Protein chains: 2
Amino acid sequence: MRETQTIFIGSGDPGLIERAQTLSPTLQIISSRQLKENPEALSTIDAAYGWLGKDQVAQATGLRWLQLASAGVNGLITPEIKARDLIITNARGIHAEPITEHMFGMLLMITRRLGEAWDRHKIGKWNGEGLGDRVLLLAGKTLGILGVGAIGGQSAKVGKAFDMHVVGLRRTGEPHEYVDRMYTLDQTHEFLAASDIIMNILPKTEKTMGFLGPKEFDAMKPGAILINTGRGSTVDTGAMIAALQSGKLGAALLDVTDPEPLPEGHPLWTAPNVFITPHYSGAHPEYDERADKIFLENLRRYLAGEPLINVVDKEEGY
Amino acid sequence: MRETQTIFIGSGDPGLIERAQTLSPTLQIISSRQLKENPEALSTIDAAYGWLGKDQVAQATGLRWLQLASAGVNGLITPEIKARDLIITNARGIHAEPITEHMFGMLLMITRRLGEAWDRHKIGKWNGEGLGDRVLLLAGKTLGILGVGAIGGQSAKVGKAFDMHVVGLRRTGEPHEYVDRMYTLDQTHEFLAASDIIMNILPKTEKTMGFLGPKEFDAMKPGAILINTGRGSTVDTGAMIAALQSGKLGAALLDVTDPEPLPEGHPLWTAPNVFITPHYSGAHPEYDERADKIFLENLRRYLAGEPLINVVDKEEGY
């Protein structure tokens, strides 16, 4: 490591830059404003916190560490970036609680008929017809977690507390304390057939594009509920609409779509039993604070030459 | 116990009457239809399953055991009934899962801004403005369970899984495995002051009428969220509306109201940050089946002279 390190911090928070500076008085910090005024400074940076596009990363020839403020890597990892001696770290973990809360919120809104009750409240009339006799109970149902990482593990824990049976699908097949049965990729159809409710938290990688296609919707239980907070492109939108229209899929609760943002007039808006929230399941009132905390911990480790946390596997893409 | 027992079974399900009969061939069963044709048969019954009014219980002078299909006793226990050698059992326990699911559904709908997202979905426009930046996170918040019985215990368990801090209030003060701190009745204001979210599951008894009045709303944290699935009369409706209007109370999520049903034009319908569902939080697709199971178990015990389960404490009223 050279004696003087130069880091780009793409945050508008002067307090963060101050806190970073206190970790090392010799640290050279380049702010967003400075980079805007002098884009060539990219070639001088050793590290960066915040989002850099592919072209910017290509220009930052000295970049050795990039800390993202997001969990998703979203196609940043080109063959060139894979080949480079560049460590990418992300903000995974801070999404586990908000996304789990969002998924159970969407799910319970449908199973407890709360959307209909919300509409009726506005009319100001006490009318329980078709509500209580149409609820579904989570207890006793099978929750299938598609992609058991930090978010999936948190959701599995909550599912168990709701007295659900929890199954999971994970590339490594490694067991998890809150997952009653873990399936591997070659057992995807068995996993889908076992699940009453599927929480899809797959990241966007080359392998997960269109992961849920026509054959996968065929493999699901009739009336299954699909929740997607991973990436829209992991689901074949046309196949999902067909499954909703045939009734094979009971409901689709989506925080992500493909295309995204979903354009006006797209048939997914009006497909039966769809509820879309505009990609904010990871939103969290203390998001920046917690992402900054991961960055500062990694900056400390970086300056001390210690191994970083939240390192992205560039081969797997997450 | 006399050799021949007569029981009234107020269920329209012939299968249930058949199952009851198999427990004892000498059991005399009176159906709803038979009782309607011959109301005087009340005086001959030893036991009953289903709802009997106060007057009917008074007429059923030989009644020794009444199994309710509900959890609430709703003013059935008059001084006369208290004095009688009559055991009342209820269906408590089967409400724990549906009511817990309902309460967390209502709560997450508000904290994740899902009601607004639901309204926007209908317009078919992708618009995240004012949603993600206004969410609240359950994780780290304090959940206060007002009345820790079967329902409260289940809710405490789910709250812990969501990484909440859980406090409870219980007459006996007895600890609970999922409650981090249990308060007693004389500490009601401390309990309220500690809670970000209050789940009120108090039963309707003489002691709980208007339990949450002006002083209790004053004692709450500013912006607290109150959920009520117990009985409407445990909350002073006027005091609650005032607390909502002043902003002291952040939201009221109500499955029960006082008066109930809430009449058209009542100011509670339009008070700020209120969401009312028309008393169906206990609804459950297999409700009758599970209530019948408790009844059949108690019938077996009754015929065998064994102690019954789910016995109501006539002094406490639940």
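## Close-up views of a two-chain predicted model

**View 1. A glycine follows helix H6 of chain A.** Just after H6(A), A:Gly124 has a positive phi of about 75°. The model shown here, and in every view below, is predicted.

**View 2. Helix H6 of chain A has buried residues.** H6 spans residues 114–123 of chain A, and A:Leu114, A:Gly115, A:Ala117, A:Trp118 and A:His121 are buried there. Looking down the axis of H6(A), these buried residues fall within an arc of 160°, so they line one face of the helix. What do they pack against? Within chain A, the buried residues of H6(A) pack against H5. From chain B, they pack against H5, helix H6 (114–123) and strand E12 (274–276).

**View 3. Helix H5 of chain A crosses helix H5 of chain B.** Each H5 covers residues 96–111. Their axes come within 8 Å and cross at roughly 115°. The crossing of H5(A) with H5(B) is left-handed. On the H5(A) side, the meeting residues are A:Glu101, A:Phe104, A:Gly105, A:Leu108 and A:Met109. On the H5(B) side, they are B:Glu101, B:Phe104, B:Gly105, B:Leu108 and B:Met109. Sorted by type, the residues of this contact are six nonpolar, two polar and two charged.

**View 4. A rotation axis relates chain B to chain A.** A turn of 180° and a shift of 0.0 Å along the axis lay chain B on chain A, with an RMSD of 0.1 Å. That is the relation of a two-fold axis. Which residue of chain B comes closest to the rotation axis? B:Gly105 does, with its C-alpha at 2.8 Å. Of the interface residues of chain B, 100% are also interface residues in chain A, so the copies meet through the same surface.

Key. Residues are numbered from 1 along each chain as its sequence is written. Chains are lettered from A and ligands numbered from 1 in the order in which they are written. This is a predicted model: local features need pLDDT of at least 70, side-chain atom pairs count only at pLDDT 80 or more; totals for chains, interfaces and linings use all residues. Side-chain values use heavy atoms; hydrogens and water are left out. Axes are lines fitted to C-alpha atoms, for helices over the stretch in contact, and angles run from 0 to 180 degrees between N-to-C directions. Helices (H or I, at least four residues) and strands (E, at least two) are DSSP runs, numbered from the N terminus. A crossing is left-handed if the near helix is turned anticlockwise from the far one by less than a right angle, and right-handed if clockwise. Contact means heavy atoms within 4.5 Å. Ala, Val, Leu, Ile, Met, Phe, Trp, Tyr, Cys and Pro count as nonpolar, Asp, Glu, Lys and Arg as charged, and the others, Gly among them, as polar. Buried means under 20% relative accessible area, exposed over 50%, partly exposed in between (1.4 Å probe, protein chains only). The arc is that of the directions from the helix axis to the C-beta atoms. Copies are superposed by least squares on the C-alpha atoms of residues with pLDDT of at least 70 in both.
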